[in-house]
Amino acid sequence: MTILDGKKVSNDIKDEITEQVKKMKAKGEKVPHLAAIIVGNDGASLTYVGSKVRACERVGFESTLVKMSSTTSEVELLDKIKELNDSPEIDGYIVQLPLPDQIDTQKVLLAVNPDKDVDGFHPANFGKMALDMTTFIPATPFGILELLERYGVETSGKHTVVIGRSHIVGRPMSILMGRKGFPGNSTVTLTHSHTKNITQITSQADIIISALGVPNFLKAEMVKDDVVIIDVGITRVADDTKEKGYRITGDVDFANVSKKASYITPVPGGVGPMTIAMLLKNTLLACERHRVKA
């Protein structure tokens with residue numbers, strides 16, 4: 001069994017990006033600039049955005065953090081988005097979700113300039129991804145592809161089962177794993193809360209990508225020997241033995257499923273670190289495209 005070490009691979013990617021940024025600086029080129037908008041004081045969101053800012057510092061990017069109060073109106077947020085769209089300094093930006101109830105998330109995501117949409121959530125970018133065109137791939141699916149590629153996990157002709165159909169992970173993964181090329185060329189089954197006999201489906205899978213958000217959902221009896229497991233789930237589970245009072249748990253019963261798997265991602269330290277690394281990679285791509293256009 002091989003651990004798909006997202007922490008190590010993400011650090012490798014950050015090192016590669018750091019070298020590219022050094023070369024850009026040596027040529028007198030503009031350094032990539034990533035911005036993040038956060039509305040409100042959600043603890044998990046603040047932690048996540050903070051880690052993105054630190055990642056920018058590590059690779060030599062410029063970064064801007066735009067904090068807005070939880071009472072921010074939709075109009076105020078859309079004005080800020082227009083400002084970032086129009087700014088030649090900003091190469092890419094993200095709007096941290098979830099947004100407060102008074103703001104229409106769909107309207108906000110549609111307002112983002114697709115050329116700066118490094119999260120890959122805009123319908124224009126999602127559509128291009130579905131059509132195999134060059135675009136920004138959402139960071140978490142992009143990170144999963146990168147892990148599979150760097151570990152040389154065979155995907156061609158394999159049966160991939162995706163658990164969960166969110167727009168952020170499940171649905172894009174189902175499209176990407178079925179595309180031509182590597183990683184891809186697999187036969188994909190997309191399962192969700194209305195899927196019947198899910199064990200019958202997962203037990204036939206060569207690769208399982210679980211993005212359900214239900215702790216320890218995938219048990220050893222639900223998988224076959226030598227399965228490849230990608231666990232995207234990340235849930236805080238109360239645990240009095242831990243200093244913080246909780247532990248981070250994935251969708252997969254790691255202790256038992258890992259005994260049958262050929263490759264498996266740990267939680268934490270698997271898919272999570274890859275997401276931020278690929279956000280940086282998308283920002284680098286955005287900067288290069290803007291330079292070519294200019």
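Helices here are DSSP runs of H or I with at least four residues, and strands are runs of E with at least two, numbered from the N terminus. Keep that in mind for the exercises below, and remember that the model is a predicted one.

**Exercise 1. The first annotated span**

Task: Find which residues UniProt lists for the catalytic domain, and work out how much of that span is helix and how much is strand.

Solution:
- Start with the record. The unreviewed UniProt entry gives residues 4-119 for "domain: Tetrahydrofolate dehydrogenase/cyclohydrolase catalytic".
- Now go through the secondary structure. Over residues 4-119 the chain comes out at 50% helix and 16% strand.
- Finally, take the two end C-alpha atoms of this span: they sit 23 Å apart.

**Exercise 2. The sheet of 3 strands**

Task: Give the strand order of the open sheet of 3 strands, then say which strands are at its edges.

Solution:
- Follow the pairing across the sheet. The order is 3-2-4, and the pairing is parallel.
- Strand 3 (62-68) and strand 4 (92-95) each pair on one side only, which makes them the edge strands.
- Check the twist next. Ignoring direction, neighbouring strands of this sheet are turned by 15 degrees against each other on average.
- Zoom in on one pair. Strand 2 (residues 33-39) and strand 3 run parallel and are joined by 7 bridges. Here I37 stands opposite V66 in strand 3.
- Now add a helix. Helix 2 (residues 43-59) lies across strand 2, strand 3 and strand 4, and it runs at about 160 degrees to strand 3.

**Exercise 3. A salt bridge in a helix**

Task: Pick out the salt bridge partner of D12 and explain how the two residues are placed along helix 1.

Solution:
- Use the cut-off first: a Lys or Arg side-chain nitrogen must be within 4 Å of a carboxyl oxygen of Asp or Glu.
- D12 pairs with K8, with the closest N and O atoms 2.7 Å apart.
- Both sit in helix 1 (residues 6-26), and because they are 4 residues apart, about one helical turn separates them.
- Run the rule over the whole model and you get 14 salt bridges.

**Exercise 4. Two helix pairs, two geometries**

Task: Classify the packing of helix 5 with helix 7 and of helix 6 with helix 10.

Solution:
- Know what to look for. Two packed helices are described by the angle between their axes and the distance between the axes.
- Take helix 5 (residues 123-130) and helix 7 (residues 170-177). Their axes cross at roughly 30 degrees and come within 9 Å.
- Angles under 35 degrees count as roughly parallel, so helix 5 and helix 7 are roughly parallel to each other.
- Who touches whom? F126, M129 and A130 in helix 5 meet R171, P172, I175 and L176 in helix 7. Sorted by type, this contact has 6 nonpolar residues, no polar ones and 1 charged.
- Move on to helix 6 (residues 139-150) and helix 10 (residues 271-293). The axes are 7 Å apart, at an angle of about 105 degrees.
- The window for roughly perpendicular is 65 to 115 degrees, so helix 6 is roughly perpendicular to helix 10.
- On the helix 6 side the contact includes F142, I144 and L147, while the helix 10 residues include M274, M278 and L279. The split is 8 nonpolar, 4 polar and 3 charged.

**Exercise 5. The second span and the sheet of 6 strands**

Task: Locate the NAD(P)-binding span given by UniProt, then trace the open sheet of 6 strands.

Solution:
- The unreviewed UniProt entry lists residues 138-290 for "domain: Tetrahydrofolate dehydrogenase/cyclohydrolase NAD(P)-binding". That span is 32% helix and 20% strand, with its end C-alpha atoms 19 Å apart.
- The sheet has the order 1-11-8-7-5-6, with parallel pairing. Strand 1 (2-3) and strand 6 (187-191) are its edge strands.
- Begin at the strand 1 edge. Strand 1 and strand 11 share 2 bridges, and I3 stands opposite I264.
- Step inward: strand 8 (residues 227-231) pairs with strand 11 over 3 bridges, and V227 faces A261 in strand 11.
- At the other edge, 5 bridges join strand 5 (residues 159-163) to strand 6. V161 stands opposite T189 there.

**Exercise 6. Unusual backbone angles**

Task: Find the cis peptide bonds at P183 and P268, and place each proline in its loop.

Solution:
- F182 and P183 are joined by a cis peptide bond with omega at about -10 degrees. P183 falls in the loop between helix 7 and strand 6.
- That loop also holds N185, a non-glycine residue with a positive phi, near 55 degrees.
- The V267 and P268 bond is cis as well, omega being about -5 degrees. P268 belongs to the loop between strand 11 (261-264) and helix 10.

Note on methods
Residues numbered from 1 in each chain as written. Predicted model: local features only at pLDDT ≥ 70, side-chain atom pairs only at ≥ 80, totals over all residues. Heavy atoms only, no water. Pairing = 2+ DSSP bridges. Axes fitted to C-alpha atoms, helices over the stretch in contact; angles between N-to-C directions. Contact = heavy atoms within 4.5 Å. Parallel < 35°, antiparallel > 145°, perpendicular 65-115°, else oblique. Nonpolar A, V, L, I, M, F, W, Y, C, P; charged D, E, K, R; others polar. UniProt positions renumbered as here; feature names shortened; annotations may be inferred.
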